[in-house]
Amino acid sequence: MLKQFRYIPVLFATLLCAPIVLADQSEQLNRDQNVLESSSIDVSVEDIERYIIENLPSDATQRQGVLNRPGVYREMAENLYLIRTLAAEAEQQLGFDKEQARWAANMAYQRRLMERYRTVFLQNSLAEVDWDAVALEHYRANPERYQRPEVISAAHILLKPEGRTKEEAEALAKSLYERVKAGEDFGELAKEYSDDGSAASGGELGFFQRGKMVPPFEEAAFALQQPGDVSEPVESAFGYHIIVLRDRKPAGLVPFAEVKDRIAESLQREMGNQLWQDKLVQLRSAKSIALDEAALAALRDKYAITVDDAKTK
């Protein structure tokens, strides 16, 4: 946001034809003090502070990083000057609907108020909820949602036939298998020989379930029983694989600790949305609301168009 006007130097130079004075930084700072003055546009300390709140990151560390950048305060003052100067010029243009612009600006302001109020309203409404307890109750009531299939973690060495014959690839695979069985480090051999993208990480593939790998690879990998077990070379459409089992997690219920935060976040969204919808229904149902059906019908007639009319627009 703060860099947007660096790329329009010609326009800025034109606007600067009007005398501009930047206030002396040694003066005592107060919110009404102008940091930039021209013949028709002023920018105050309060303007800069509100600009910071409105445009800079809400995260304190990120915001401070922007504010520590050399020249950033002058840049903000100049941005505000440009916005106000161009807005003033726009008001003088023929056909510019000032009232519509004011209405739209006020509506945007009200929408932002509503959005911020929604946040505060939900925070206050849900402040006393014990989310750990609510999440645990949901977890126990819906065990079917938190089942996982059997998964294993494995690493592999892939030897592709490219650049060598199939027989050479198979022979190399058998040789590497014997070296692994003899005690050489699988990860180091994967880094040196594997043709797969996982080679840099020692061939590690992480956890996966059935149906995620090509059938020959999957069958050999899931046939391994204990961590550290190594398969003989397995041929797939990609080449020859040597697979080592790293870990196995049986199918079953995911432990609550692994899903607690996810459940709590989901329930917060669901309960928050429901509370807000209940409030909207309550407001729409207020007895103090009176709709002028005749006026609404007149508006409908005013803006009604036929299908043929719509096609010609």
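## Helix α6: one side in, one side out

A residue counts as buried here if its relative accessible area is under 20%, and as exposed if that area is over 50%. Keep in mind that this is a predicted model.

With that in hand, take helix α6, which spans residues 131-141. Its buried residues are W131, A135, H138 and Y139. They sit on the same side of α6, because the arc they cover around the axis is only 100°. That fits the usual geometry: an α-helix has 3.6 residues a turn, so residues three or four places apart point the same way. Over on the other side of α6 you'll find E137, R140 and A141, which are exposed.

What do the buried residues of α6 pack against? Their partners are β9 (252-253) and α10 (256-284).

## The four-stranded sheet

Now for the sheet. It is an open one, built from four strands in the order β6-β5-β8-β7, with antiparallel pairing. The edges belong to β6 (204-209) and β7 (234-236); each has a single partner strand, so one side of each has no neighbour in the sheet. From one strand to the next, the twist averages 45°.

Zooming in on one edge, β7 pairs with β8 (residues 239-249) over three bridges, in the antiparallel sense. One pair to look for is E235 with its bridge partner in β8, Y240.

## Helices on the sheet

Helix α8 (residues 186-193) packs on the sheet, where it touches β5 (151-159) and β8. The direction of α8 makes about 45° with that of β5.

Helix α9 (residues 215-223) packs on the sheet too, touching β5, β6, β7 and β8. Its direction makes about 40° with that of β8.

Definitions and conventions:
Residues are numbered from 1 along each chain as its sequence is written. This is a predicted model: local features need pLDDT of at least 70, side-chain atom pairs count only at pLDDT 80 or more; totals for chains, interfaces and linings use all residues. Side-chain values use heavy atoms; hydrogens and water are left out. Two strands pair if DSSP finds at least two bridges between them. Helices (H or I, at least four residues) and strands (E, at least two) are DSSP runs, numbered from the N terminus. Axes are lines fitted to C-alpha atoms, for helices over the stretch in contact, and angles run from 0 to 180 degrees between N-to-C directions. Contact means heavy atoms within 4.5 Å. Buried means under 20% relative accessible area, exposed over 50%, partly exposed in between (1.4 Å probe, protein chains only). The arc is that of the directions from the helix axis to the C-beta atoms.
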